[in-house]
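The following exercises concern the reading of a protein model at the level of chains, helices and single residues. Each task is followed by a worked solution.

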Amino acid sequence: MEIFECTLLILLVVGAIATVSSKNLMISMIIFMAYSVVMSVIWIILKAPDLSVTEAAVGAGISSILMFMTIRKLRDIKKEKNEEKH
Amino acid sequence: MKKSIKDWFSEWDEDKINLTELTANQGNENLIKEEKKEHNISELVELKQKELSRAGKIYPVLAALLCVVIIYFMLMTVSGLPKFGQADNPTNNEVVERYVEKGMEETGAVNVVAGVILDYRAFDTLGESHVLFTAVIAVFTLLLADKEEKETIEEGQIMKQDNILRNTAIFIVPLTVLFGIYVILNGHLGPGGGFSGGAIIGAAFIIYAMAFGFSGIEKFLTLKTFRIIVLCALLFYSGAKCYSFFCGANELHSIFGPGTPGMILSSGLILPLNIAVGIVVACTMYGFYSIFKRGRI
């Protein structure tokens, strides 16, 4: 069980660094989703199932959907600006 | 006499012409000086660029240093904390003892967390719901489109026909909504509660809107109904708990009473409050998505 916990904690650190350091916004969002899933498993190990359910629903589900929408909107705005320039 | 603006300009032009004549008359020396000036300017530009490139190298180093310092202090603080899960930790004081030992008896909730969140600390949860409400209002003021813009947005974002998404959504959406309702209604019996259950139902609505467009959900959730639902839920929450908020909740027995722990209709006000919070959260999550996507609910 301890090995499992250690791997999860290491995954958390690796995920956090990878989220910041990846250059593609889409990829960093997907890594962030994975981070939230790992975090929700850790909440279960820490005997906080309430938090785990909330983390899985809000962290991995809805916040990342909103981030994806924002990335798409930013792309649309960039496209419009490029079209105006040309 | 006052000078008109035209006069001012003409005089200014004359001055300019005079100046240019002067510089022309002064001959080669000035030219050399100007060349020197230009040379100086180009040198200055180069220097600035060098400084900028140096700054570009310095800033990441400084940022990394700052990060290392902050990480050092945080790790120092964490190493000073008591060990996790020890019996004699300062967090295990009389408050926690009271919650764990008498929580089920006093609130009637098997899930002590729900008892703490919605009974002992109901005021904090009311604040949380209001944080969400305020966030929605802020998003409304920023992103809500005008009536004239509506048509262009709809034209630009006609949903693509996606068979995989649609066939998956047919199976997943009802199950997800049912699971969300289960999580809300079992908030006082097991892990879950209004917040997580509401988020699950909101996610189900979002999947439905992704697969089949907004017209299906618009039948029962428009901006008007959204406002009424959120207002009623928040008013019900604060109305049901206002007496204990004002009186400090000393020796207060609610009308419903704790009931027998373990039954679904037990634990006093926790179940209706869970439903109110769940409705607010579900509507808010779907509202966020809809406003982000097309500028209105």
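The exercises below treat a predicted model and proceed from confidence to chains, helix packing and the contact between the chains.

**Exercise 1. Confidence**

Task: State the global scores of the model, and identify which element of chain B has the lowest mean pLDDT and which the highest.

Solution. Step 1: the global scores are ipTM 0.82 and pTM 0.72. Step 2: chain B has a mean pLDDT of 77, with 76% of its residues at 70 or more. Step 3: among the elements of chain B, the lowest mean, 51, belongs to helix α6 (residues 149–156), and the highest, 90, to helix α7 (residues 163–185).

**Exercise 2. The two chains**

Task: Describe the secondary structure of each chain, and determine whether chain A is spread out or compact.

Solution. Step 1: chain B contains 11 helices and 0 strands. Buried residues account for 25% of its 297 residues. Of the chain B contacts between residues at least 6 apart in sequence, 74% link residues at least 24 apart.

Step 2: chain A has 3 helices and 0 strands, in the order α-α-α. Its radius of gyration is 17 Å, whereas the globule rule gives 12 Å for 86 residues; chain A is therefore more spread out than a compact globule.

Step 3: along the principal axes, the C-alpha atoms of chain A occupy a box of roughly 60 × 25 × 10 Å. In chain A, 17% of the 86 residues are buried. Among chain A contacts between residues at least 6 apart in sequence, 40% join residues at least 24 apart.

**Exercise 3. Burial of one helix**

Task: List the buried residues of helix α4 of chain B and name elements that cover them.

Solution. Step 1: in α4 (residues 112–120) of chain B, the buried residues are B:Ala114, B:Gly115, B:Val116, B:Ile117, B:Leu118 and B:Asp119. Step 2: their cover includes α3 (94–107), α5 (122–143) and α11 (270–294) of chain B.

**Exercise 4. Packing of α8(B) and α11(B)**

Task: Characterise the geometry and the composition of the contact between α8(B) and α11(B).

Solution. Step 1: two packed helices are described by the angle between their axes and by the distance separating those axes. Step 2: for α8(B) and α11(B), the angle is about 35° and the axes are 7 Å apart. Step 3: the crossing of α8(B) past α11(B) is right-handed.

Step 4: the α8(B) side includes B:Gly194, B:Phe195, B:Gly198 and B:Ala199, and the α11(B) side includes B:Ile275, B:Gly278, B:Ala282 and B:Tyr286. Step 5: by class, the residues of this contact are 16 nonpolar, 7 polar and no charged.

**Exercise 5. A buried residue of α7**

Task: Explain why B:Ile184 counts as buried, and list its contacts.

Solution. Step 1: B:Ile184 is part of helix α7 of chain B. Step 2: B:Ile184 counts as buried because it has 26 C-beta neighbours inside 10 Å, against a cut-off of 20 or more.

Step 3: leaving aside residues up to four places away in sequence, B:Ile184 touches B:Gly194, B:Gly197, B:Gly198, B:Asn274, B:Ile275 and B:Gly278. Step 4: B:Ser196 is 12 residues away along the chain, and its C-alpha atom is 7.7 Å from that of B:Ile184.

**Exercise 6. The contact between the chains**

Task: How many residues of each chain are in contact, and which helix of chain B gives the most?

Solution. Step 1: 17 residues of chain B contact 11 residues of chain A. Step 2: α8 (194–212) and α11 of chain B each contribute at least two residues to the side of chain B that touches chain A. Step 3: α8(B) gives the most to that side, with 7 residues. Step 4: the side of chain B that touches chain A comprises 12 nonpolar, 4 polar and 1 charged residues.

Methods: Residues numbered from 1 in each chain as written. Chains lettered and ligands numbered in written order. Predicted model: local features only at pLDDT ≥ 70, side-chain atom pairs only at ≥ 80, totals over all residues. Buried ≥ 20, exposed ≤ 12 C-beta atoms within 10 Å, placed from the backbone. Helix = DSSP H or I, 4+ residues; strand = E, 2+ residues; numbered from the N terminus. Contact = placed C-beta atoms within 7 Å. pLDDT = per-residue confidence, 0-100. Rg over C-alpha atoms; globule rule 2.2 N^0.38 Å. Nonpolar A, V, L, I, M, F, W, Y, C, P; charged D, E, K, R; others polar. Axes fitted to C-alpha atoms, helices over the stretch in contact; angles between N-to-C directions. Left-handed = near helix turned anticlockwise from the far one by under 90°.
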